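Trainee: I am new to this structure and would like a close look at a single part of it, the surroundings of the ligand. Please take me through that part slowly.

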Amino acid sequence: MQAFDAYLDGRFEPGEARFESLDPATGLAWATMPEARAGDVDRAVVAAERALLEGPWATMTASQRGRLLYRLADLVAAHAGELAELETRDTGKIIRETSAQIAYVAEYYRYYAGLADKIEGSVLPIDKPDMEVWLRREPIGVVAAIVPWNSQLFLAAVKIGPALAAGCTLVVKASEDGPAPLLAFARLVHEAGFPAGVVNVITGFGHTCGAALASHPKVAHVAFTGGPSTARHIVRHSAENLASTSLELGGKSPFIVFADADLDSAANAQVAGIFAATGQSCVAGSRLVVERSVKDRFLALLKERAEAVRIGGPLDMATEVGPLCTARQRQHIEALVARSVAAGARLVAGGATPAGAGYYYPPTILDCDGTDAPALAEEFFGPVLSVVSFETEAEALRIANDTLYGLAAGLFTQNLTRAHRMMRGLRTGIVWVNTYRAVSPIAPFGGTKLSGHGREGGLAAALDYTRTKSIWLRT
Ligand code: NAD
């Protein structure tokens, strides 16, 4: 069995307590992980604070920080195969996806490497002839980065990259489900030459390790990605220290298809939008909102594609849908499908758990028209698409916004003026028009309502890891 270490104050530590990680394709233990408890969390935060205030990091120039980040980006790219394979092994996310995603993880580090020396202060034109006021941008402090199991390397990169560019130090808590890729990534941080304590990577359980980290009095900011109910705990914990938070949470993103859309291209985008990562994606286009006149035609296209998807072992390059990350996740999906069918939803495709080992669940389409099935409101975080239809543009917008979430929306139409009206009315942090799930380090990412607050990606994210200091100087 493989064994992974925590990375704490520049050293790799097996830790006193350990737990087993299960391979989602078989349900069997394949590796052991260090379980950080409150004492380990405290050592990590203290190390991060020392690195912030006293270590060589504190006096490094922004360009030097940028050079370290470039080195990290190169190392991530050089070790892409190994990192992708570990992520696949430990989370079940298929190798095709982890291999593609790791390439842009490196791009995010490269983008923030380039930004490090572009985070500028300013001089304020105040109305006093004998006085100057400068605004310095300083690192916000020690950052706690807490991530969920899906896309851990990516979700950590969108926190680590801007935080380091801004001069912060971090304690990164990998999810207890599938922490291997982040623990392995810590070796690259070390190899890149970051001073001890600047980046610490630990893992452990939410109610112990996560809670101790989010409530630690030396933490200035908690950057969290996960579910809304955990986010409420995070906010309560961070109240201890009045730390700021950025919250990237769940979604129930509408995928709106008008009758004038290119239906073939929309069907391809919808299938990728919901079944990629076996649906375990915060931006999954999980609610199809389709114009009634093309509903049957569009569902036929989706059914054909959903049933042709190649389900298989996640390490097989030919596989298109792999297992879910945990047995718990599959049980949640089974129960929500059953409750929705009981509420009148009709299965168009999938819906039956296959026999055999591993946490597999097939691509599933649930027609919820005319019902108030819970599938329309609750996040599956799995490969299940809920369908509802509309007749007018106003109705499409009302249905799309009729959710507690507000992360992303997809919109398929060839009518440009309608696209403009709709994109203005959609209450989400991202709108994709005639495309879905496009990302770039340059474009901010994040939601509204129960999907959280704060943005990741782009220049603004790096500025969010700074605080201004006003300096008054009598001349
Ligand atoms: P989760 O909220 O259960 O766990 C996320 C992290 O929080 C884990 O590391 C966990 O150990 C930790 N945690 C749990 N309880 C804690 C506590 N009391 N205090 C501190 N930390 C605690 O999320 P999950 O189930 O692993 O992930 C799925 C959720 O994440 C979904 O809702 C999904 O939509 C969301 N997500 C959002 C985005 C985004 O960018 N908006 C991206 C990916 C996933």
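Trainee: By class, how many nonpolar, polar and charged residues does the shell around the ligand have?

Mentor: Please keep in mind from the start that this is a predicted model. The shell around the ligand has 12 nonpolar residues, 13 polar residues and 4 charged residues. Together, 29 residues surround the ligand, and the closest of them are P148, G206, G210, G226 and C282. Two elements, α8 (206-214) and α9 (228-239), give two or more residues each to this shell, and it is α8 that gives the most, with 5 residues.

To place the shell within the chain, it helps to know that the chain is divided into domain 1, which covers 2-249 + 457-472, and domain 2, which covers 254-433. The shell around the ligand draws at least three residues from each of these two domains. The C-alpha centres of domain 1 and domain 2 lie 31 Å apart, and the two domains also touch, with 17 residues of domain 1 in contact with 19 residues of domain 2. On the side of domain 1 that touches domain 2, α4 (80-91) and α5 (95-115) each supply at least two residues, while the largest share, 3 residues, comes from α5. By class, the residues on that side of domain 1 divide into 5 nonpolar, 7 polar and 5 charged.

One residue deserves a separate look, and that is E248, where an unreviewed UniProt entry places the feature "active site". E248 lies in strand β12, which is made up of residues 244-248. Is E248 buried or exposed? E248 counts as buried because it has 27 C-beta neighbours inside 10 Å, and the cut-off for a buried residue is 20 or more. If its neighbours within four places in sequence are left aside, E248 is in contact with T225, C282, G446, G452 and E456. Of these contacts, C282 has already appeared in this account, since C282 is also one of the closest residues to the ligand.

Finally, a helix from elsewhere in the chain can be set beside this picture. Helix α6 has 14 residues, 152-165, and at 1.5 Å a residue it should span 20 Å, which agrees with its end C-alpha atoms being 20 Å apart. This helix is mostly covered, with 14 of its 14 residues buried, and just after α6 the residue G167 takes a positive phi of about 95°.

Conventions:
Residues numbered from 1 in each chain as written. Predicted model: local features only at pLDDT ≥ 70, side-chain atom pairs only at ≥ 80, totals over all residues. Helix = DSSP H or I, 4+ residues; strand = E, 2+ residues; numbered from the N terminus. Expected span 1.5 Å × (residues − 1). Buried ≥ 20, exposed ≤ 12 C-beta atoms within 10 Å, placed from the backbone. Domains from an automatic or database assignment. Contact = placed C-beta atoms within 7 Å. Nonpolar A, V, L, I, M, F, W, Y, C, P; charged D, E, K, R; others polar. Near = placed C-beta within 6 Å. UniProt positions renumbered as here; feature names shortened; annotations may be inferred.
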